[in-house]
Amino acid sequence: MGLKPIYPIYIPSKNRSHINITAKFLRADGVPFWLVVEPQERKVYEAKFGKGRVLVLPENDRGLSYSRNWIKDRSTAAGDDRHWQLDDNIEGVRRLYQGERIPCDSAIAFRVVEDFADRYENVAIAGLNYQMFAGEFTRAPFVLNAHVYSCTLLANSTPYRFRGRNEDVDMCLQVLAGGLCTVQVNVFVANKLRTMTIAGGQTDSDYLGDGRLKMARELERRWPGVV
């Protein structure tokens, strides 16, 4: 059967059934996952990836924070200690070794992060750094209390909720302000596409026009003196 992650993997996705590259690389690696979609998109996602891989949110158009909180609640109710949330625009996972980013089996990367996080009671968030931010001059195998976005292992015991449109940044700040830790892993990295390079998701809903500025201002209001 091969190595598998211990904790469930969820991919919140919207308007990307035709180009969901995260689901494609996980399927190719034989890694189990669920796509979490809105009711109106159920059929197109099921046609592409199969009914067994699609979970349907109770409501439409409630935003990404709603989706992420629903996932966390579902995983918690299932009795999981942690769960993964992956963005739907990740092409694969790489092993960072001596400055080279080498394609690898993503299941190994997930298990390494899980094993590391489970050694400690205060690691609320762990996950992979972006490939674009790690390379020849990266020396630390991991960085404590840094941002962890897009490929995230979240402790279900964490009391905080996703909020607003910069929900990943806000969640990391809530965790750190609450005295818990984040772990940004460099030994494995996520080959994530740059923001706004493909249609769908937040590109269509939050990033157009002055959307990025509004997102930053919202975060600034929540975290004055930090953002």
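## Charges, rings and a surface patch

The charged end of Arg 95 sits over the ring of Phe 188, at 5.6 Å from the ring centre. This is a predicted model, so please read every distance and angle below as computed from it. Let's walk through the contacts, starting with charges and rings.

Arg 95 has a counterpart in Arg 68, whose charged end sits over the ring of Phe 162, 5.9 Å from its centre. Arg 68 also takes part in a salt bridge: its side chain meets that of Glu 167 at 3.0 Å, N to O. This pair ties together distant parts of the chain, with Glu 167 in helix 5 and Arg 68 in helix 3 (residues 64-77), 99 residues apart. Are the two partners buried or exposed? Both Glu 167 and Arg 68 are buried.

### Salt bridges

Across the whole structure, a search finds 14 salt bridges. Here are some of them, with their N to O distances.

| Acidic partner | Basic partner | N to O distance |
|---|---|---|
| Glu 167 | Arg 68 | 3.0 Å |
| Glu 38 | Lys 14 | 3.7 Å |
| Asp 210 | Lys 214 | 3.6 Å |

Take the bridge between Lys 14 and Glu 38, with its distance of 3.7 Å. It links distant parts of the chain: Lys 14 belongs to the loop between strand 1 (9-12) and helix 1 (21-29), while Glu 38 belongs to the loop between strand 2 (34-37) and helix 2 (42-49), and 24 residues separate them. The surroundings of the two side chains can be read from their accessible areas. Lys 14 counts as partly exposed because its relative accessibility is 24%, whereas Glu 38, with a relative accessible area of 5%, is buried.

The bridge between Asp 210 and Lys 214 has an N to O distance of 3.6 Å. Asp 210 is partly exposed at 41% relative accessibility, and Lys 214 is partly exposed at 43%. Which residues are joined into one network by salt bridges that share partners? They are Lys 14, Glu 38 and Asp 61.

### Aromatic rings

Now to the rings, where the structure holds five aromatic pairs. One of them is formed by Phe 116 and Tyr 120, with the centres 5.5 Å apart and an angle of 55° between the planes, a tilted arrangement. Why is this pair called tilted rather than edge-to-face? The edge-to-face label needs planes over 60 degrees apart and the stacked label needs them under 30, so the 55° of Phe 116 and Tyr 120 falls in the tilted range. Tyr 120 itself is partly exposed, at 38% relative accessibility. Ring pairs also bring in Phe 142, linking Phe 116, Tyr 120 and Phe 142 into a cluster.

### A nonpolar patch and a buried threonine

On the surface, Leu 3, Ile 108 and Val 112 make a nonpolar patch of about 220 Å². Ile 108 is found in helix 4 (residues 106-117). Its relative accessible area of 38% makes Ile 108 partly exposed. That value is over the 30% required of a residue in a patch.

Thr 158 offers another setting, in the loop between strand 9 (151-155) and helix 5 (167-177). With a relative accessible area of 3%, Thr 158 is buried, because buried means under 20%. What does the side chain of Thr 158 reach? It reaches the backbone oxygen of Ala 155, at 2.9 Å.

Terms used: Residues numbered from 1 in each chain as written. Predicted model: local features only at pLDDT ≥ 70, side-chain atom pairs only at ≥ 80, totals over all residues. Heavy atoms only, no water. Patch = residues over 30% accessible without salt bridge, like charges linked within 9 Å, V, L, I, M, F, W, Y side chains within 5 Å. Areas by Shrake-Rupley, 256 points an atom, 1.4 Å probe, with all protein chains shown as cover. Salt bridge = Lys/Arg side-chain N within 4 Å of Asp/Glu carboxyl O. Helix = DSSP H or I, 4+ residues; strand = E, 2+ residues; numbered from the N terminus. Buried < 20%, exposed > 50% of the residue type's maximum accessible area, 1.4 Å probe, protein only. Phe/Tyr/Trp six-rings, centres within 6.5 Å; stacked < 30°, edge-to-face > 60°. Lys NZ or Arg CZ within 6 Å of the ring centre and 35° of its normal. Polar contact = N/O pair within 3.5 Å; in protein donor to acceptor, adjacent residues only side chain to side chain.
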